[in-house]
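Thanks for coming. I will go through one structure today, from its overall layout down to single residues. Please have a look at the sequence and the model first.

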Amino acid sequence: MAEHITRLAVFCSGTGSNFKALHRATNEKYINAEFVLCLSNRSQCGAMEYARENGIPALQVSENQFPDYERFAAAMLDTLQENRVEYIVLAGYMRKIPDAVVEVYRDRIVNVHPALLPKFGGEGMYGIRVHAAVLEAGETESGATVHMVDEVYDRGRILMQQKVPVLPGDTPETLAQRVLACEHELYPRALGKLLSEQKA
Ligand code: GRF
């Protein structure tokens, strides 16, 4: 019998460098899965562009396209189900996942965060702010975390973490760069492991 290839949707709002690293891993069969959809709150972004260049449908599903939040959440869920999406991979998605979607996709939504959770996480902790807070706190190490997503920002079960040193003279930008490079290696590893464990 042919092996099942997990159908993934990636949610993005920005450059999508993590999406690219994950897509490479699926292409190289390091992860036994395929991206069938790229969803964004924005009308255009680097990640959507990359998706389209690679034959992956990229769609905007945004709150302001709908009269209320419930219909927005329902439309998101419909889009996922129409595309028979099995797992949702967040890669720089700048919105909260509606609870109605979390409920249906419980334990099947994954995110990468640019710090060692539970430190430096939660609402408002994103982008360069995370790295500025790490430096401000005088930490000697930071890192990246891949975790499950539930109803609360950055609270879901931690799947994998990797430490990154904070170096003398680091700025939020230099630290961000080092952590991002770590994410590109960690995220495919963590997702690959999760999916292979689900299939076992
Ligand atoms: C990464 O730093 C990730 O940790 C966070 O959003 C950023 C996305 O960057 N969740 P990219 O779009 O994958 O380059």
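The domain assignment splits the protein chain into domain 1, residues 1-105, and domain 2, residues 114-145 plus 159-195. Keep in mind that this is a predicted model. How far apart are the C-alpha centres of domain 1 and domain 2? The answer is 23 Å. As for contact between them, 14 residues of domain 1 touch 11 residues of domain 2.

Next, a pair of helices. Helix α1 covers residues 17-27 and helix α2 covers residues 46-53. Their axes come within 9 Å and cross at roughly 25°. The cut-off for roughly parallel is an angle under 35 degrees, so α1 counts as roughly parallel to α2. On the α1 side the contact is made by F19, K20 and H23, and on the α2 side by A47, Y50 and A51. Sorted by type, the residues of this contact are four nonpolar, one polar and one charged.

Now the cysteines, for anyone thinking about disulfides. How many disulfides does the structure hold? Zero. C12 is in no disulfide, and its nearest cysteine sulfur, in C38, is 4.6 Å away. C12 is also buried, because its relative accessibility is 0%. For C45, the closest cysteine sulfur is again in C38, at 6.1 Å, which is too far for a bond. A disulfide here would need the two sulfur atoms within 2.5 Å. Is C45 buried or exposed? With a relative accessible area of 6%, C45 is buried.

On to strand β5, residues 109-113, and one residue in it, V110. The relative accessibility of V110 is 1%, so V110 counts as buried. Which residues does V110 touch, once those up to four places away in sequence are left out? One group is I88, V89 and L90; another is V146, H147, M148 and V149; and the rest are L159, Y187, L191 and L194. To take one of these, V89 is 21 residues from V110 in sequence, with the two C-alpha atoms 5.0 Å apart in space.

After β5 comes a loop that deserves a few words on its backbone. Most residues other than glycine have a negative phi, and most peptide bonds are trans. The loop between β5 and α5, the latter being residues 128-136, contains P118. The peptide bond from L117 to P118 is cis, with omega near 10°. K119 is in the loop between β5 and α5 as well, and K119 is partly exposed at a relative accessible area of 45%. From K119 to E53 is 66 residues in sequence and 37 Å between C-alpha atoms. F120 also lies in that loop. Phi of F120 is near 55°, a positive value in a residue that is not glycine. F120 has a relative accessibility of 18%, and therefore counts as buried.

There is another positive phi to report. Where is R84? R84 lies in the loop between α3, residues 69-82, and β4, residues 87-90. Its phi is about 50°, although R84 is not a glycine. R84 counts as exposed, at 56% relative accessibility.

E86 is found in the loop between α3 and β4 too. At 22% relative accessibility, E86 is partly exposed. Leaving out neighbours within four places in sequence, E86 is in contact with H4, I5, T6 and R7, and also with Y105 and R108. E141, by contrast, is 55 residues along the chain from E86, and the C-alpha atoms of the two are separated by 35 Å.

The last residue is Q60, in strand β3, residues 58-60. Its relative accessibility is 30%, so Q60 counts as partly exposed. What is Q60 in contact with, apart from its neighbours within four places in sequence? The list is S40, N41, R42, S43, M48 and Q65. L77 is 17 residues from Q60 along the chain, and their C-alpha atoms are separated by 13 Å.

To recap, the model is predicted, the chain is assigned domain 1 and domain 2, and there are zero disulfides. The bond from L117 to P118 is cis. That is what I have.

How values were computed:
Residues are numbered from 1 along each chain as its sequence is written. This is a predicted model: local features need pLDDT of at least 70, side-chain atom pairs count only at pLDDT 80 or more; totals for chains, interfaces and linings use all residues. Side-chain values use heavy atoms; hydrogens and water are left out. Helices (H or I, at least four residues) and strands (E, at least two) are DSSP runs, numbered from the N terminus. Buried means under 20% relative accessible area, exposed over 50%, partly exposed in between (1.4 Å probe, protein chains only). Contact means heavy atoms within 4.5 Å. Axes are lines fitted to C-alpha atoms, for helices over the stretch in contact, and angles run from 0 to 180 degrees between N-to-C directions. Angles under 35 degrees count as roughly parallel, over 145 as roughly antiparallel, 65 to 115 as roughly perpendicular and the rest as oblique. Ala, Val, Leu, Ile, Met, Phe, Trp, Tyr, Cys and Pro count as nonpolar, Asp, Glu, Lys and Arg as charged, and the others, Gly among them, as polar. Domain bounds come from an automatic or database domain assignment.
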